[in-house]
Amino acid sequence: MGTVLSHIVQKRYSQENENIATEALAYILQSSAAARTGMMRLLRGIVPEMPDLEYRTQLTEGSIRPDMWGLAVNEPRVYIENKFWAGLTEKQPCEYLRSLAACTSPTVLLMVVPKAREQAVWREVLRRLETDRIGATPDPTADGVVHAITTGLGPVLALTSWAHVLSTLSR
């Protein structure tokens with residue numbers, strides 16, 4: 001049986017699922033030290049030297065608007081792009097990677113998708129990188145994600161599932 005909140009969200013705000021999930025994740029990360037520790041464990045599995053981050057949602061940089069930003073001393077270090085069933089936008093992932101490439105420290109674009117979409121979204125991501133001629137090297141050291149590549153621009157692009165993110169936060 002669902003909850004009243006889940007019923008209202010799915011019935012009234014079904015087109016807003018990604019935004020609602022983003023705001024919920026941000027709230028959890030801002031409210032719970034244990035959840036922040038879990039998220040940092042996930043991100044440090046991708047980039048070990050990742051500093052502690054402060055999370056903000058829906059900030060705009062030029063022509064891009066990642067769902068969530070992980071900031072270290074006001075410098076973007078992580079963009080988290082949450083997907084459910086919507087397709088990638090025209091700017092994803094390439095413009096996001098170009099924006100992160102301007103940072104002087106290691107950066108990550110983390111895409112979070114339903115488990116059922118992991119392979120389809122990853123194929124589309126790789127197709128777009130190839131179309132934009134952005135080189136990519138598999139990153140076998142990344143831990144805790146389904147896919148990870150180091151891009152020719154510098155940032156690491158990683159993909160994981162919502163189930164994995166929530167499991168990591170709850171641990």
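Let me start with one contact, the salt bridge in which the side chains of Arg44 and Asp52 meet, with 2.7 Å from N to O. Please keep in mind throughout that what we are looking at is a predicted model. In this pair Arg44 is partly exposed, at 31% relative accessibility, while Asp52, at 57%, counts as exposed.

That pair belongs to a wider set, since a search of the whole structure finds eight salt bridges. As a reminder of the principle, side chains of opposite charge can pair when their charged atoms come close.

The next one I would like to go through joins the side chains of Arg98 and Asp132, where the N to O distance is 3.3 Å. Arg98 sits in helix 4, which covers residues 94-101, and Asp132 sits in the loop between helix 5 (118-131) and strand 5 (136-138), so this contact ties together parts that lie 34 residues apart in sequence. Arg98 comes out as partly exposed, with a relative accessibility of 32%, and Asp132 is partly exposed as well, at 33%. These two residues are also part of a network of salt bridges, in which they are linked with Glu95.

A further salt bridge brings together the side chains of Glu118 and Lys115, at 3.8 Å from N to O. Is each partner here buried or exposed? Glu118 is buried, its relative accessible area being 6%, whereas Lys115, at 60% relative accessibility, is exposed.

Let me turn now to the cysteines. How many disulfides does the structure hold? The count is zero, and for Cys94 the reason is distance, because the closest cysteine sulfur, the one in Cys103, is 17 Å from the sulfur of Cys94, which is too far for a bond; the cut-off that matters for this step is 2.5 Å between the two sulfur atoms. Cys103, correspondingly, is in no disulfide, and its nearest cysteine sulfur is that of Cys94. As for their surroundings, Cys94 is buried, with a relative accessible area of 5%, and Cys103 is likewise buried, at 13%.

Finally, a word on the second largest pocket, whose volume is about 190 Å³. Its lining is made up of 13 residues, and those closest to the centre of the pocket are Arg65, Asp67, Glu81, Thr89 and Gln92. What is the make-up of that lining in terms of nonpolar, polar and charged residues? It divides into two nonpolar, five polar and six charged residues.

Technical notes
Residues are numbered from 1 along each chain as its sequence is written. This is a predicted model: local features need pLDDT of at least 70, side-chain atom pairs count only at pLDDT 80 or more; totals for chains, interfaces and linings use all residues. Side-chain values use heavy atoms; hydrogens and water are left out. Buried means under 20% relative accessible area, exposed over 50%, partly exposed in between (1.4 Å probe, protein chains only). On a 1 Å grid over the protein atoms alone, a cavity is a set of points where a 1.4 Å probe fits but cannot get out, and a pocket is an open set with protein on both sides within 12 Å along at least five of seven lines; lining residues have an atom within 4 Å of a point. Grid points are joined across faces, edges and corners, and a volume is the space filled by probe spheres set on the points. Ala, Val, Leu, Ile, Met, Phe, Trp, Tyr, Cys and Pro count as nonpolar, Asp, Glu, Lys and Arg as charged, and the others, Gly among them, as polar. A salt bridge is a side-chain nitrogen of Lys or Arg within 4 Å of a carboxyl oxygen of Asp or Glu. Helices (H or I, at least four residues) and strands (E, at least two) are DSSP runs, numbered from the N terminus.
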